[in-house]
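Visitor: I am new to this structure and would like a close look at a single part. Please take one helix and follow its surroundings step by step.

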Amino acid sequence: MNKDYDKIFQEEIVRILNELYNNPINMGETKIKRAVIQTEKRFVTYLLNHNLVSNLKSVSGGGKWGLQLESNGYEVFEKYNGWDDYKKKVIDPKSKVEKAKELSVKYWWIPILISLLSLAVAIIALIKS
């Protein structure tokens with residue numbers, strides 16, 4: 001079920017980014033891409049956390065969000081070959097580093113414990129020989 005949820009989540013992210021990049025509101029000659037998109041808050045929060053879009057907060061209620069594509073959002077289409085490549089090359093490595101940092105902070109005491117155990121074994125071996 002988790003894989004199904006992740007697939008649906010990623011499909012919605014792709015839909016939002018494609019809509020912003022390919023079908024923005026016509027604002028004249030500016031290259032700023034903005035759109036009003038019907039979606040849930042969790043998707044907007046995910047995009048905001050990864051600096052892909054900014055929330056204009058111009059639309060009220062109803063699950064509609066005024067979004068503007070940021071520089072990282074442009075990179076998804078222009079530098080990388082779509083969301084899949086961007087996610088694999090940018091977001092996944094960052095999340096792996098963050099998880100590793102969290103684990104190292106959570107289990108800081110394990111290397112100390114191993115050092116103390118090896119010191120105890122060395123002392124016992126020294127005493128018995």
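Guide: Before the helices are compared, one convention is needed: axes are lines fitted to C-alpha atoms, for helices over the stretch in contact, and the angles run from 0 to 180 degrees between N-to-C directions. Please also keep in mind that this is a predicted model. The part chosen here is helix α1, which covers residues 2–22.

With that convention in hand, we can start with α1 and α3, whose axes come within 11 Å and cross at roughly 90°. An angle of 65 to 115 degrees counts as roughly perpendicular, and α1 and α3 are therefore described as roughly perpendicular to each other. On the side of α1 the meeting involves Leu17, Asn18 and Tyr21, while α3 brings Tyr74, Val76, Phe77 and Glu78. Sorted by kind, the residues in this contact of α1 with α3 are 5 nonpolar, 1 polar and 1 charged.

Two of the residues named in that contact, Tyr21 and Tyr74, deserve a second look, and they lead to the aromatic rings, of which the structure holds 8 pairs. In the pair formed by Tyr21 and Tyr74 the ring centres are 6.4 Å apart and the planes stand at 75°, so the pair is edge-to-face. Because Tyr21 belongs to helix α1 and Tyr74 to helix α3 (residues 71–78), the pair ties together parts that are 53 residues apart in sequence. Both rings belong to residues that count as buried, since the relative accessibility of Tyr21 is 18% and the relative accessible area of Tyr74 is 17%.

Another aromatic pair is made by Tyr46 and Trp83, with ring centres 6.4 Å apart and planes at 70°, so this pair too is edge-to-face. Here Tyr46 lies in helix α2 and Trp83 in helix α4 (residues 83–106), so the pair ties together parts that are 37 residues apart in sequence. Tyr46 is buried, as is Trp83. These two residues also take part in a cluster, in which ring pairs link Phe9, Phe43, Tyr46, Tyr80, Trp83 and Tyr86.

From Tyr46 we can return to α1 by way of helix α2, which runs over residues 41–49 and whose axis comes within 10 Å of the axis of α1, the two crossing at roughly 70°. This crossing also makes the helices roughly perpendicular to each other, as α1 and α2 are therefore classed. The residues that make the contact are Tyr5, Phe9, Gln10, Glu12, Ile13, Ile16 and Leu17 on α1, together with Arg42, Phe43, Tyr46 and Leu47 on α2. Among the residues of this contact of α1 with α2, 8 are nonpolar, 1 is polar and 2 are charged.

The charged side chains open the next topic, which rests on a simple principle: side chains of opposite charge can pair when their charged atoms come close. In this structure there are 4 salt bridges. One of them joins Arg15 to Glu19, with the closest N and O atoms 2.9 Å apart. Arg15 and Glu19 both lie in α1, 4 residues apart, which is about one turn of the helix. Arg15 is partly exposed at a relative accessible area of 31%, and Glu19 is partly exposed as well, with a relative accessible area of 23%.

A salt bridge also links Arg42 with Glu40, where the closest N and O atoms are 2.7 Å apart. Arg42, which we have already met in the contact of α2 with α1, is partly exposed with a relative accessible area of 36%, and Glu40 counts as partly exposed at 42% relative accessibility. A further salt bridge is found between Asp92 and Lys87, the closest N and O atoms being 3.1 Å apart. In this bridge the partners fall into separate classes, for Asp92 is partly exposed with a relative accessible area of 24%, whereas Lys87 is buried with a relative accessible area of 18%. Back in the neighbourhood of Arg15, salt bridges that share partners join Glu12, Arg15 and Glu19 into one network.

To sum up the view from α1, this helix is roughly perpendicular to α2 and also roughly perpendicular to α3, while the ring pair of Tyr21 and Tyr74 ties α1 and α3 together.

Technical notes. Residues are numbered from 1 along each chain as its sequence is written. This is a predicted model: local features need pLDDT of at least 70, side-chain atom pairs count only at pLDDT 80 or more; totals for chains, interfaces and linings use all residues. Side-chain values use heavy atoms; hydrogens and water are left out. A salt bridge is a side-chain nitrogen of Lys or Arg within 4 Å of a carboxyl oxygen of Asp or Glu. Buried means under 20% relative accessible area, exposed over 50%, partly exposed in between (1.4 Å probe, protein chains only). Angles under 35 degrees count as roughly parallel, over 145 as roughly antiparallel, 65 to 115 as roughly perpendicular and the rest as oblique. Contact means heavy atoms within 4.5 Å. Ala, Val, Leu, Ile, Met, Phe, Trp, Tyr, Cys and Pro count as nonpolar, Asp, Glu, Lys and Arg as charged, and the others, Gly among them, as polar. Rings of Phe, Tyr and Trp (its six-membered ring) pair if their centres lie within 6.5 Å; planes under 30 degrees apart count as stacked, over 60 as edge-to-face and the rest as tilted.
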